[in-house]
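Student: I have a structure to go through for class. Can we take it piece by piece?

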Amino acid sequence: MKARLSRYLDAVWYQGRPGLTWLRPLSWLTAKVAARRLRRFRVAAQRPPLPVLVVGNVTVGGTGKTPMVTALCAEAAARQLKVVIISRGYGAQPPAWPWIVTSEQDAAACGDEPLMLAQLTGVPVIIDPQRARALAAAQALQPDLVISDDGLQHYALPRSAELVMLDGARGLGNGRCLPCGPLREPATRLQQVDWIVSNGPLRQPLALPVQTLALEFSGFRHSSTGECLSPTEFAARHPRVHAVAGIGNPQRFFSQLRTLGLDVLEHPFADHHQYRAEDLPREPALPCVVTEKDAVKLAAIAEVWVAPVIARLPQGLAGIIIDTTLARAAG
């Protein structure tokens, strides 16, 4: 049901299909409330106790925040800066809040995205629905930089700088706020952030500076044997595959697999889907390829091929973002 609803909303929000017009008063209300909350935040904005960079979005669904956060952590590590990531921890059920996620924990307890970030970056990930409380816990670890994975609209969280991710193919969709469109806040919110980064070329031009990143497969890893293949090797050995994705935008993953020349049988699920063994395709008998986010939940269920991605950023952009955030906090 959730997957069908997601496909319907995708058609209305991004593909121009008519629908939901009777809900436009609610979209207007969403925009008004969001604008009021932002004004209140600007008036009463607090200085964070240490440098805080928010990596968020103004649209619902996946935009590439996780690869961006991973790239920023890699840049910080190269500079020998200590980083802590804070996250809401969607779907997590830890023993207590706030909770520090480590790479060996169970996704059911700590959430799929926080666990993936902990495994990819090797830095502490603190989850708490109350971002300010997560920031207080992060302060105790004495980091040089705190990166908030999502949280642009969590105005209880003070921040030094803001970065918004957009999906290049989807852009701002029909430009309307929820529920008639995909926007969490009016598009004018983009005028007030520090950086806009598009995951792939932006098809809907903006009258604002936009940086572009590219996501590339770094290879394919078998979840059971640990065997690793380059994208070329994998495509030659397994030209036809099942592709399973329970992420914000499964079609982006499927399309990216097809750029390798693969014949892809699509199996989309709702974002953060909790998998059962029967969810995985059995016929025809083909390899099953999944995202890193799905892999943390499928490890105990089935043998799959994991397709990690890396973010290729414009030269020097990660350094500029970190330097600016640190300078803001120092000033």
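Serine 160 and its surroundings

Tutor: Let's begin with one residue. This is a predicted model, and in it serine 160 counts as buried, because its relative accessibility is 11% and buried means under 20%.

Student: Where is serine 160 found?

Tutor: Serine 160 sits in the loop between strand S5 (145-149) and strand S6 (161-167).

Student: And what does serine 160 touch, not counting residues up to four places away in sequence?

Tutor: Serine 160 touches Pro48, Leu50, Pro51, Val52, Thr325, Arg328 and Ala329.

Student: Ok, same loop: what about aspartate 150, buried or exposed?

Tutor: Aspartate 150 also lies in the loop between S5 and S6. It is buried, with a relative accessible area of 17%. Its phi is near 70 degrees, a positive value in a residue other than glycine.

Student: Why mention the sign?

Tutor: Most residues other than glycine have a negative phi.

Student: Which other residue has a positive phi although it is not a glycine?

Tutor: Glutamine 142, with a phi of about 55 degrees. Glutamine 142 lies in the loop between helix H6 (131-139) and S5. It is exposed, with a relative accessible area of 66%.

Student: Next, cis peptide bonds. Which residues does one join, with omega about 5 degrees?

Tutor: Leucine 178 and proline 179 are joined by that cis bond. Proline 179 is in the loop between S6 and strand S7 (195-199). Another cis peptide bond joins glutamate 283 and proline 284, with omega about -10 degrees. Proline 284 lies in the loop between strand S12 (263-268) and strand S13 (288-290). As background, most peptide bonds are trans.

Student: Switching to valine 54. Where is its place?

Tutor: Valine 54 is in strand S1. It counts as buried, at 0% relative accessibility.

Student: What is valine 54 in contact with, leaving aside neighbours within four places in sequence?

Tutor: Its contacts are Ser148, Asp150, Gly151, Leu152, Leu157, Arg159, Ala161, Glu162 and Leu163. Aspartate 150, the residue with the positive phi, is therefore on the contact list of valine 54, where contact means heavy atoms within 4.5 Å.

Student: How are valine 54 and arginine 159 placed, and how many residues apart are they along the chain?

Tutor: They are 105 residues apart along the chain, and their C-alpha atoms are separated by 6.7 Å.

Student: Does UniProt come in anywhere? Where does it place the feature "binding site"?

Tutor: The UniProt record, an unreviewed entry, places it at Thr59, Val60, Gly61, Gly62, Thr63, Gly64, Lys65 and Thr66.

Student: Take glycine 62 from that list. Where does it lie?

Tutor: Glycine 62 lies in the loop between strand S1 (52-56) and helix H3 (65-78). It is buried, with a relative accessible area of 17%. Leaving aside its neighbours within four places in sequence, glycine 62 is in contact with Asp167, Gly248, Asn249 and Arg252.

Student: And threonine 66, where is that found?

Tutor: Threonine 66 is in helix H3. It is buried, with a relative accessible area of 13%. Its contacts, again leaving aside neighbours within four places in sequence, are Met116, Leu117 and Leu120.

Student: Pockets now. What volume does the second largest pocket have?

Tutor: About 720 Å³. It is lined by 27 residues, and the closest to its centre are Ala169, Asn249, Gln251, Arg252 and Ser255. Asn249 and Arg252 are also among the contacts of glycine 62.

Student: Which elements each supply at least two residues of that lining?

Tutor: Helix H1 (2-14), strand S8 (211-217) and helix H8 (250-258) do. By class, the lining has eleven nonpolar, ten polar and six charged residues.

Student: Last topic, rings. How many aromatic pairs does the structure hold?

Tutor: Eight. In one of them, the rings of tryptophan 13 and tyrosine 14 have centres 6.5 Å apart and planes at 75 degrees, so the pair is edge-to-face. Tryptophan 13 and tyrosine 14 are both buried.

Student: What about phenylalanine 234 and tryptophan 305, how are their planes set?

Tutor: Their planes are at 65 degrees and their centres 5.3 Å apart, so that pair is edge-to-face. Phenylalanine 234 lies in helix H7 (residues 231-237) and tryptophan 305 in strand S14 (residues 305-306), so the pair ties together parts that are 71 residues apart in sequence. Both residues are buried.

Student: Which residues do ring pairs link into a cluster?

Tutor: Phe217, Phe220, Phe234, Phe253, Phe254 and Trp305.

Definitions and conventions
Residues numbered from 1 in each chain as written. Predicted model: local features only at pLDDT ≥ 70, side-chain atom pairs only at ≥ 80, totals over all residues. Heavy atoms only, no water. Phe/Tyr/Trp six-rings, centres within 6.5 Å; stacked < 30°, edge-to-face > 60°. Buried < 20%, exposed > 50% of the residue type's maximum accessible area, 1.4 Å probe, protein only. Helix = DSSP H or I, 4+ residues; strand = E, 2+ residues; numbered from the N terminus. 1 Å grid on protein atoms, 1.4 Å probe; cavity = no way out; pocket = protein on both sides within 12 Å on 5 of 7 lines; lining within 4 Å. Points joined across faces, edges and corners; volume = space filled by probe spheres on them. Nonpolar A, V, L, I, M, F, W, Y, C, P; charged D, E, K, R; others polar. UniProt positions renumbered as here; feature names shortened; annotations may be inferred.
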